[in-house]
Amino acid sequence: MSTSERGGGACIACGSERLRPLAAYARAHLVRCGGCGLVFAGRDPTEEELARNYGAYSRADYDSPITRQRYRELLDGFETYRQAGRILDMGCGIGFFLEEAQKRGWEAHGSEFEPRAIEIVRGKGLECIAAPVAADEIEPGSFDVVTAFEVVEHLRDPAAEAATIAHALRPGGLFYCTTPNFASLSRRLLRGRWSVVAYPEHLTYFTPATLRSWLARSGFAPARLTTTGISLARIQHDVGSAERPDHCSDEGLRERVEGSGALRAARNAANAVLGATGTGDTIKGHFELRRNEAV
């Protein structure tokens, strides 16, 4: 099985050749760019490695009522951008977000890497194409909103993907994404034990600053960018628990928080601090397409 340097030995975002290996994350082949600061896997996974990784995914997808409510809240905010009424969800899983968008009257489209997920989404009567999506598969400027929930960390070629997103969106359209935060308090505390670092599943590790600079090269400007949350289930696992973190571990805590005014207030206060310091586990970014050409 042959492997190669990802980006040909240059940064996959800015092209700088000033790359420094991160010894604490050698198991995932991580390097940091001396130009733009992006952290990414310096080793390019083979097709066999990717197929083995994604082929191992189960389809026991957890349909969280709380996440559904968060989707509805996001869609409330997306109304400002509705013109053509078309929305594209990259890495749409089995279509939970697409279902909520369709209920709001959006013409909902998805892309997905895993064949079984594509089959399930299409079985729901939703549009879904295989990822990665080439620009020539999409009519230019045909979407008002593109979303990517926990997707951009998986991308083999982030520069090409950003260009495709810019191609798909109309001028003034919105790209909304979430991704793990390499500048998070959890990662700073756990370092090499941080289980988010997982090769070849996760290949690119953004901070708010590097996410902003990556998208700026394709004409995006942040309308809102913040970080939120700490996963207690993941931290418990990463410090040595025998139990794997799962959806239900954090879901129980989320349900308790949602059911208590005092806990919601505490969560909001914690998120305010995490947002102000940029150290929450998850980056949430709203980016508007300000120009069509790369910069």
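Me: Where is the place of threonine 227?
Reply: Threonine 227 sits in strand E12, where strands (E, at least two residues) and helices (H or I, at least four) are DSSP runs numbered from the N terminus. This is a predicted model, in which local features need pLDDT of at least 70 and side-chain atom pairs count only at pLDDT 80 or more, while totals for chains, interfaces and linings use all residues. Residues are numbered from 1 along each chain as its sequence is written, and side-chain values use heavy atoms, with hydrogens and water left out.

Me: Is threonine 227 buried or exposed?
Reply: Threonine 227 is buried, with a relative accessible area of 1%; buried means under 20% relative accessible area, exposed means over 50%, and partly exposed is in between, using a 1.4 Å probe and protein chains only.

Me: And what does the side chain of threonine 227 reach at 2.9 Å?
Reply: The side chain of threonine 227 reaches the backbone nitrogen of glycine 280 at that distance, and a polar atom of the same side chain lies 3.3 Å from the backbone nitrogen of threonine 279. A polar contact here is a pair of N or O atoms within 3.5 Å; within protein, one must be able to donate a hydrogen and the other to accept it, and residues adjacent in sequence count only if both atoms are side-chain atoms.

Me: Switching to charges, how many salt bridges does the structure hold?
Reply: There are 16 salt bridges in the structure, each being a side-chain nitrogen of Lys or Arg within 4 Å of a carboxyl oxygen of Asp or Glu.

Me: Which residue forms a salt bridge with glutamate 47?
Reply: That is arginine 156, and the closest N and O atoms of the two are 2.7 Å apart. The pair links distant parts of the chain, with arginine 156 in the loop between E9 and H5 and glutamate 47 in helix H1 (residues 47-55), 109 residues apart. Arginine 156 counts as partly exposed at 29% relative accessibility, whereas glutamate 47 is exposed at 52%.

Me: OK, and what meets arginine 68 in a salt bridge?
Reply: The side chain of glutamate 100 does, at 2.9 Å from N to O. This pair also links distant parts of the chain, since glutamate 100 is in helix H3 (residues 96-103) and arginine 68 is in helix H2, 32 residues apart. Both glutamate 100 and arginine 68 are buried.

Me: Which other side chain meets glutamate 100 in a salt bridge?
Reply: Lysine 103 pairs with glutamate 100 at 3.2 Å, N to O. Because lysine 103 and glutamate 100 are 3 residues apart in helix H3, about one helical turn separates them. Lysine 103 is exposed, with a relative accessible area of 62%, while glutamate 100 counts as buried at 4% relative accessibility. Salt bridges that share partners join Asp63, Arg68, Arg72, Glu99, Glu100, Lys103 and Lys124 into one network.

Me: Back to H2: how many residues does helix H2 have?
Reply: Helix H2 (residues 65-78) has 14 residues and reaches 20 Å from its first C-alpha to its last, close to the 20 Å expected at 1.5 Å a residue; the expected span is 1.5 Å times one less than the number of residues. The buried residues in H2 include Arg68, together with Ile66, Tyr71, Leu74, Leu75 and Phe78. At the start of H2, a side-chain oxygen of serine 64 comes to within 3.2 Å of the backbone nitrogen of isoleucine 66.

Me: Different topic: in what order do the 4 strands of the open sheet come?
Reply: The order is E2-E3-E4-E11, and the pairing is antiparallel; two strands pair if DSSP finds at least two bridges between them. Strand E2 (19-21) and strand E11 (204-205) are the edge strands, each pairing on one side only. Strand E4 (residues 39-41) is joined to E11 by 2 bridges, and valine 39 stands opposite tyrosine 205 in E11.

Me: Last one, which residues does a cis peptide bond join?
Reply: One cis peptide bond joins alanine 131 and proline 132, with omega about 0 degrees, and proline 132 is in the loop between strand E8 (127-130) and strand E9 (143-149). Another joins tyrosine 199 and proline 200, with omega about 5 degrees, and proline 200 lies in the loop between helix H6 (185-190) and E11.
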